[in-house]
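Here's a quick tour of a model, going from a polar pair to the core and then out to the surface. Have the structure open as you read.

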Amino acid sequence: EQKVIECYSKAVDLARRQDAKSLELRGLMSLVQLRRDPNDLAQLRSVYDSFGTQHQYRDLLRGKALLQ
């Protein structure tokens with residue numbers, strides 16, 4: 001499990017460097033599902049909020065459910 005967490009963490013870092021918000025969102029959702037770490041939840045909230053209300057695609061709906 002630790003190896004999987006490391007891979008998702010690296011994916012999130014790479015997505016940030018590339019300013020790929022959708023991929024960052026997906027990586028953070030996976031981390032939150034693996035471990036309910038408060039830091040991961042805070043990062044997920046921040047990325048989720050950056051999309052605003054005009055976007056409502058499947059990943060955002062899934063992210064919203066994880067945040068509730």
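Let's start with Asp 59, whose side chain makes a polar contact with the side chain of Arg 26 at 2.4 Å. Keep in mind that this is a predicted model. Asp 59 is found in helix 4, which covers residues 58-67. Is Asp 59 buried or exposed? With a relative accessibility of 8%, Asp 59 counts as buried, because the cut-off for that label is under 20%. Leaving out residues up to four places away in sequence, Asp 59 touches Leu 25, Arg 26 and Met 29.

Leu 25 brings us to the core. The largest nonpolar core has 14 residues, and Leu 25, Leu 28 and Leu 44 touch the most other members. Helix 1 (2-17), helix 2, helix 3 (38-50) and helix 4 each give two or more residues to this core. Helix 2 gives the most, with five residues. In soluble globular proteins, nonpolar side chains tend to be buried together.

Leu 28 has a mixed set of contacts: beyond four places in sequence, Leu 28 touches Val 12, Arg 16, Asp 40, Gln 43, Leu 44 and Val 47.

Two of those partners, Arg 16 and Asp 40, turn up again among the salt bridges. How many salt bridges are there? The count comes to six. Three of them are listed here:

| Pair | Closest N and O atoms |
|---|---|
| Arg 16 and Glu 24 | 2.7 Å |
| Lys 21 and Glu 24 | 3.8 Å |
| Asp 40 and Arg 35 | 2.7 Å |

Salt bridges with shared partners join Asp 13, Arg 16, Lys 21 and Glu 24 into one network. Within it, Lys 21 and Glu 24 both sit in helix 2, three residues apart, or about one turn of the helix. As for exposure, Glu 24 is buried at 5% relative accessible area, while Arg 16 is partly exposed at 35% and Lys 21 is partly exposed at 33%. The other pair in the table also mixes labels: Asp 40 is buried at 3%, whereas Arg 35 is partly exposed at 30%.

Now for some leucines with partial exposure. Leu 41 lies in helix 3 and has a relative accessible area of 22%, so Leu 41 counts as partly exposed. Setting aside neighbours within four places, Leu 41 is in contact with Val 32, Arg 36, Leu 66 and Leu 67. Leu 34, in helix 2 (residues 21-34), is partly exposed at 33%. Together with Val 4 and Tyr 8, Leu 34 makes a nonpolar surface patch of about 220 Å².

Notes
Residues numbered from 1 in each chain as written. Predicted model: local features only at pLDDT ≥ 70, side-chain atom pairs only at ≥ 80, totals over all residues. Heavy atoms only, no water. Patch = residues over 30% accessible without salt bridge, like charges linked within 9 Å, V, L, I, M, F, W, Y side chains within 5 Å. Areas by Shrake-Rupley, 256 points an atom, 1.4 Å probe, with all protein chains shown as cover. Salt bridge = Lys/Arg side-chain N within 4 Å of Asp/Glu carboxyl O. Helix = DSSP H or I, 4+ residues; strand = E, 2+ residues; numbered from the N terminus. Buried < 20%, exposed > 50% of the residue type's maximum accessible area, 1.4 Å probe, protein only. Polar contact = N/O pair within 3.5 Å; in protein donor to acceptor, adjacent residues only side chain to side chain. Contact = heavy atoms within 4.5 Å. Core = buried A, V, L, I, M, F, W, Y, C linked by side-chain atoms within 4.5 Å.
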